Amino acid sequence: MRLTDLRLVPAAAAAWAAAWLLVGAPEASPTTAIVLWMLAGVAISVAIVLTPARAGAALLAVAFAAGGLVATTVAARAPERSPPALFEVREFEVVLTGPAQVGVDRVRGTVGAAPVLVVGLELEADASLGATLRIRGHLEPVEAGGAIVGILVANRAETIRPPPVVLGWADDLRSGFRDLADQLPGDGGDLLTGLAIGDDAGVPAPLADAMTATSLSHLTAVSGANCAVVVGAAFLVAAALGLPKRARLVAAGVMLVAFVVLVTPQPSVVRAAVMAALALVALAVDRPVRGVSLLSVAVIVVIAVDPWAAREVGLVLSVLATAGLLLVAGPLATRLTAVMPRPVAFLVAIPAAAQLACQPVIVLIDPALPIAGIVANLLAGPAAPIATGFGLIACLLQPIAPTLALGVAWIAWVASSW
């Protein structure tokens, strides 16, 4: 890897650091934004005037600008994200931002621009992602800097508007795939929706605990691998139909957007989708695709749009795992080829690299060092893409060809059971 591939890493780090600090103290964001934009201007001036220092000054300018952009976003959004008056009202209109499960008494939503967690009420069957509910209750504030501004303790709710058509389609697709997976036996059936579309609501508690204990719970969260499967499949189908390159890229982009809607736009999903979209743009303009640069830009975009995502563990682990694959997997596989065949070396190196990159954060969450988790990831690695790919195909086929979808789901079930 060349050093030029790492040029945007300082900017991504600056954006993340600014977000991490400022979402906990949003009152400091206006001043911080002014200072960082001024420093970016100074760095640009230095780059123009001093030729020998041009490269370093340009890197500093981009880093200061990335931090300034994040600080500006926090300054602009913080007042409307957590208005004091919001905690005094007793009736709220909540738009659900997470898919509700019947019988589950908690779901994410927004009240205006304020993200909240609704608890204390079994939601109605039609409380789907994107639906608007009128809820009576009270909002309890939480510590600043988190993904939500408060916990809405509800005592009554009613659906007043259904979700938009596109979100309703996605909810119906998820629901149909859950019904399809319910026809498959054992742990393989329970895990399939999580492996394919990140819907782990059907995973029983003992199995979820076992997945966590063996460091396999990340397999039921949508990642870059899922986006890669979607984009790659769309590109191959378009190529098989004889479409030109630009049309293939457009088809892949449309499928990527549909996939994000299907699995819901969580921060880690958005990060993976932004990387995939940038890769498609690079291919469209015949520019080389550089993984670390794409990851850095994706981090800047996600953090600049939603600075509060910087403190979400899911996004941290997603970025670390991707960095491990980009920076560690290749060299590790090369070393392993000295003692094993090359294909086996890559099968071992890929999950090991992701696990090693995430391990410092995992240890902070749980100080126990899950040695068994590394082995479990090595064993699960080859099966996970099969379960993801065929599971996703079954999900898409289910509304139009349920019998064929069930047959494809059985193939995914074999890998899921493994």
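The following conversation concerns a helix pair and a strand barrel in a predicted model.

Student: What kind of model is this, and how are residues numbered?
Tutor: The model is predicted; local features need pLDDT of at least 70, side-chain atom pairs count only at pLDDT 80 or more, and totals for chains, interfaces and linings use all residues. Residues are numbered from 1 along each chain as its sequence is written, and side-chain values use heavy atoms, with hydrogens and water left out.

Student: At what angle do α14 and α15 cross?
Tutor: The axes (lines fitted to C-alpha atoms over the stretch in contact, with angles from 0 to 180 degrees between N-to-C directions) of α14, residues 384-397, and α15, residues 402-417, cross at roughly 165° and come within 8 Å. Therefore α14 is roughly antiparallel to α15 (angles over 145 degrees count as such). Helices here are DSSP runs of H or I with at least four residues, and strands are E runs of at least two.

Student: Which residues make the contact?
Tutor: With contact meaning heavy atoms within 4.5 Å, those of α14 include Phe390 and Leu397, and those of α15 include Val408 and Ile411.

Student: Turning to the barrel, what is the strand order?
Tutor: Five strands close into a barrel in the order β1-β2-β3-β5-β4, with mixed pairing. Two strands pair if DSSP finds at least two bridges between them.

Student: How many bridges join β4 to β1, and how many to β5?
Tutor: β4 (residues 132-141) pairs with β1 (residues 91-96) in the antiparallel sense over five bridges. With β5 (residues 150-161), β4 forms an antiparallel pairing over 10 bridges.

Student: Which residue is the bridge partner of Phe92, and which stands opposite His138?
Tutor: Phe92 has Ile135 of β4 as its partner, while His138 stands opposite Val153 in β5.

Key. Angles under 35 degrees count as roughly parallel, over 145 as roughly antiparallel, 65 to 115 as roughly perpendicular and the rest as oblique.
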